[in-house]
Every structure is written in C-alpha cells, then in structure tokens.
Amino acid sequence: MVLPLYVQGAWFIGALLFIFGLKGMSSPVSAREGIVWAGYGMVLAIAGTLLIPDLKNIGLIFAALGVGGAAAWISGKKVQMTDMPQMVAIYNGMGGGAAAAIAAIEFARGEAHSPVTLTLGALGALIGSVSFSGSCIAFAKLQGLLDKPYRLPAQNTVNVVLAVIAVMLGAIMVIMAPAHPALILLFFAVALVLGVIVTLPIGGADMPVVISLFNAFTGLAVGFEGYVQGNPALIIAGIVVGAAGTLLTQLMAKAMNRPISNILFTPMVASGPGEAISGSMKELSALDAAAMMRYASKVIIVPGYGMAVAHAQHKVWEMAAILEEAGVEVKFAIHPVAGRMPGHMNVLLAEAGVPYDKIFDLEEINGEFAQADVALIIGANDVVNPSARTDKSSPIYGMPILNADQAHNVIVIKRGKGTGYSGVENALFYTDNCRMLYGSAQPMAGEIILQLKAMG
Ligand code: NAP
C-alpha cells in the first residue's frame, strides 16, 4: 500500500528530529534539549502511524500506548540516578523485543516478501531476540536479582553452537517462507536462549559495556524491521541507535583497555598475585583536609562511583564553590569509565550545577595533576590506581588512569578499605603523599564545608 504523504512526512520529520536529538546529546550542555527533540520525534512518528488509513486494532494500539506510557512515566519519575544503568538495560531490551515481535508477526502472517526482505527480517528477529533476553539478564544482575555469574562448562562452545543453530533455523525460515509456525517458534526460542546464555556468565562489572552492545544490537534490529515494514522513521532511528551504540561500546572497551571479545567471553580476573604494596594508609581529619585545600592554589577533584552512591554531588559542588570564593582554582577531572555508566559523573555534576568549563576529560587534565597542590578523590578507586600502569597481572592493567598520584598531596574520601569495581588493592592509598578521610562522601563533604566556613 502506498501511504499518504502526510504519514510519510510525519515519519520523515520524526526521523530528522531523532538525528537532531542525538546531536544534542553529544554534549552535556545540550543533552537535555536533545532528549526533548528526540521525544518530539517519537510523538510525531507515532502520530504518523495512527494516521495510516484503515488502521486496524486501534483499541489495542491505544491500550499499549497507555500501559507503556504510564509505566515509562512512573519509572522515569521514580528512578534513582544510581539505578539508571538497569533502567537503560530494560528499556533497551524492550526495543529489541519490539523489533523481534514485529518480525514474528511478519513471519507468522506469511505474506509474500522478497528474499532480501525476509533475510533482513530474520536477522532483525535474531538480533532483537538476543538483545531482549540478554538485556533482561543484564537488568536482573544490575538490580541484584541475580548476584553471581553462571558459567556453563565449555561456555564458549555452547554460545557458538546455539548461534549456529539459530542462524540455520532463520535461514530455513526464509527459504521455506511461509514457514510452519512450529519452526518460527523454535527459531525464536533458540534466539532467546542464546541471549540468556551469552549474558549469564558476564560479571556485573562488565555489564554496562554489554548493555551498550545490546543497545547497538537493538538499533540494528529496529533498522532491519523498519526495512521490512517500509518505515523510514524506524530505519533511520535504528541506524542512529545502532551506530551510536557501536561507537559507545568501542569507546568504553577502549577506556577499560579490554577488547569487546574479552569482555564477552573471558571473566575479569587477576592473572597473578599482583605487585606487592608497601607503606600504610594514613588518616587525616576533615579539619586538616579543609585547611589543606583552603590554603592551596589549585585543587583537582576526582569523583567516582562512591560519590554517585552517596548522592554527594551537590555538597561537593558547594564545597568547591566555597574554595573558589577563597581564591583556590578548582577543577573536576572525569575518567571516561568513572562510575557505572558512560557519562555518569558528567550527568551528576551537571545536575548539581557544576559549570561545564570546570569539568575536564582525562586527556585534558592529566598533565595538570603535577601542578596541583591537592587531588581530592571522592569515592573513586580504580580510575586512579597507578598499578594500571605497571602491574601486568592486574585486571585493570593498561587502563589509562587519572594521574592523581602526581599531585603534591592526595586526599581520598571513602568509607573504609573497600576495593573498587575491579576488586584490586590501590597502591596510591599507601603512598607518602596520600591521606585517607574515612566516611561516606556526602557527610564528609558536609563536614569539610563546615570547617571551611569556620575558617572564614
Ligand atoms: P570504583 O573503582 O568502583 O571505586 C569506588 C569506591 O567508592 C570504592 O572503593 C568504595 O570504597 C567507595 N565508596 C563506595 N560507597 C561510598 C560512599 N558512600 N562514600 C564514599 N566512598 C564510597 O569506582 P571508580 O573509580 O569510579 O571506577 C569505576 C569502575 O567501574 C572502573 O573499574 C570501571 O572500569 C568500571 N566500569 C565503569 C563503567 C562505566 O561506564 N562508567 C562501565 C563498566 C565498568 P569503600 O567501600 O571503602 O567506601
């Protein structure tokens, strides 16, 4: 059926808005605006679909819009910043699932399509199903519902065998079209199991990279199904999501210095006992920390996962502003994988009102630590661990780190002797120029603020 111009136009403009939206999301300054533009794009794409002449199942469509819209609205309002990764996982899974469901309907209807369209439909179905079930497992892990990695004997062989079976079933489905419903069901069942089996052994630590990879998969699946449906909005949205997800996955893997294949197929463990650490951890008080920074010329703050869990960003910015008022130059150093999701620290600092010109990426700021009087590390650990430079047996060996150890003095706010995400000891905490300020990030930042105010 040739669709009226207004439907095609709505889809086309919707697709353009997705691209503008993504462009906006490339910087924290315009990210919020970008999301709103993409949202308008989605509204327009849905409105265009509803205007298709002789549209069937209107009641079902509105019921789905109502249920989905309400669930997204409520969960979006309620979600904590620290729970955002699992929310992204589940929403992404829904996208993959929707693409797979579209393909399932197409195959079940058995309408005549060209072999190319059928092949793309089957590919989208396979990728979308893997993304759906894999994202559900990722969600369960990040939500703490599944707490340990489950590894099968000969895990990688099982992965390959399942993938080959799924591809073969898909090929038979395309060749035999219209395929028998039992074959279609078997294909989807194998694809869903494949997503589960591939994701189960991956530890929570690597999960954000996996979610990003599934995000790329979902984009691809949506793009393929858009082709099957002849819907340009779906094709463009799918390509945009697929490309962005692929780039993000590559950037995260690079920042963790681990190839994607290694993240997917090799558990993250130390290959040896690690370099011996000498020295001891030395404490200081909030008063001493405040005095050290108050009389410094330059302070670089390194926020990490602990700052996010403690919701300390507002207090940290209040502290930084007091220091600036007292004439101290304050900068924030952001490691690309600080926290638990891409851009985690940038988002939190932006939310607290930290101006963007005070926030610096690793490459921009690393040369400045040697001139800093104080590096204040707040709930960060792996991203400042110097053994990443030297200890070949360390699971984080080769990961570029922030050169906090080069500052004249280092102050670390953390609750105790807990390790970071990688589970390895941090030699920095034992060095002569490092002092520990034990406590949760928010009350500790509050304590420093009180001391700074008392100093006038
Ligand atoms: P980290 O290495 O996980 O360390 C966080 C530290 O925060 C812990 O040592 C913990 O020590 C402390 N902490 C926890 N709760 C705290 C609280 N309430 N107040 C103060 N401190 C608290 O964090 P990171 O340096 O940000 O490094 C991120 C890690 O995540 C990297 O290994 C990275 O590869 C990994 N990762 C990140 C992403 C991403 O997209 N960002 C993706 C995948 C993996 P205590 O228990 O002693 O307090």
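Author: In this predicted model, helix α1 passes helix α9 in a right-handed crossing.

Reader: At what angle do α1 and α9 pack, and how far apart are their axes?

Author: Helix α1 (residues 5–24) and helix α9 (residues 232–255) pack at about 15°, and their axes lie 8 Å apart. Angles under 35 degrees count as roughly parallel, so α1 is roughly parallel to α9.

Reader: Which residues of α1 and α9 meet?

Author: From α1 come W11, A15, F18, I19 and L22; from α9 come P232, A233, I236, A237, V240 and A244. By class, the residues of this contact comprise 11 nonpolar, no polar and no charged.

Reader: How should one read the pair α13 and α17?

Author: The angle and the axis distance again serve as the starting point. Helix α13 (residues 313–325) packs on helix α17 (residues 441–455) at about 25°, with axes 9 Å apart. That angle makes α13 roughly parallel to α17. The crossing of α13 and α17 is left-handed. On α13 the contact involves K315, V316, E318, M319, I322 and L323, and on α17 it involves Q442, A445, G446, I448, I449, L452 and K453. The residues of this contact divide into eight nonpolar, two polar and three charged.

Reader: Is helix α5 largely enclosed or largely open, and why?

Author: Buried means under 20% relative accessible area. Because 20 of the 28 residues of α5 are buried, this helix is largely enclosed by the rest of the structure. Helix α5 (residues 115–142) reaches 40 Å from its first C-alpha to its last, close to the 40 Å expected at 1.5 Å a residue.

Reader: What phi does G144 take, just after α5?

Author: G144 takes a positive phi of about 80°.

Conventions
Residues are numbered from 1 along each chain as its sequence is written. This is a predicted model: local features need pLDDT of at least 70, side-chain atom pairs count only at pLDDT 80 or more; totals for chains, interfaces and linings use all residues. Side-chain values use heavy atoms; hydrogens and water are left out. Axes are lines fitted to C-alpha atoms, for helices over the stretch in contact, and angles run from 0 to 180 degrees between N-to-C directions. Helices (H or I, at least four residues) and strands (E, at least two) are DSSP runs, numbered from the N terminus. Angles under 35 degrees count as roughly parallel, over 145 as roughly antiparallel, 65 to 115 as roughly perpendicular and the rest as oblique. A crossing is left-handed if the near helix is turned anticlockwise from the far one by less than a right angle, and right-handed if clockwise. Contact means heavy atoms within 4.5 Å. Ala, Val, Leu, Ile, Met, Phe, Trp, Tyr, Cys and Pro count as nonpolar, Asp, Glu, Lys and Arg as charged, and the others, Gly among them, as polar. The expected span of a helix is 1.5 Å times one less than its number of residues. Buried means under 20% relative accessible area, exposed over 50%, partly exposed in between (1.4 Å probe, protein chains only).
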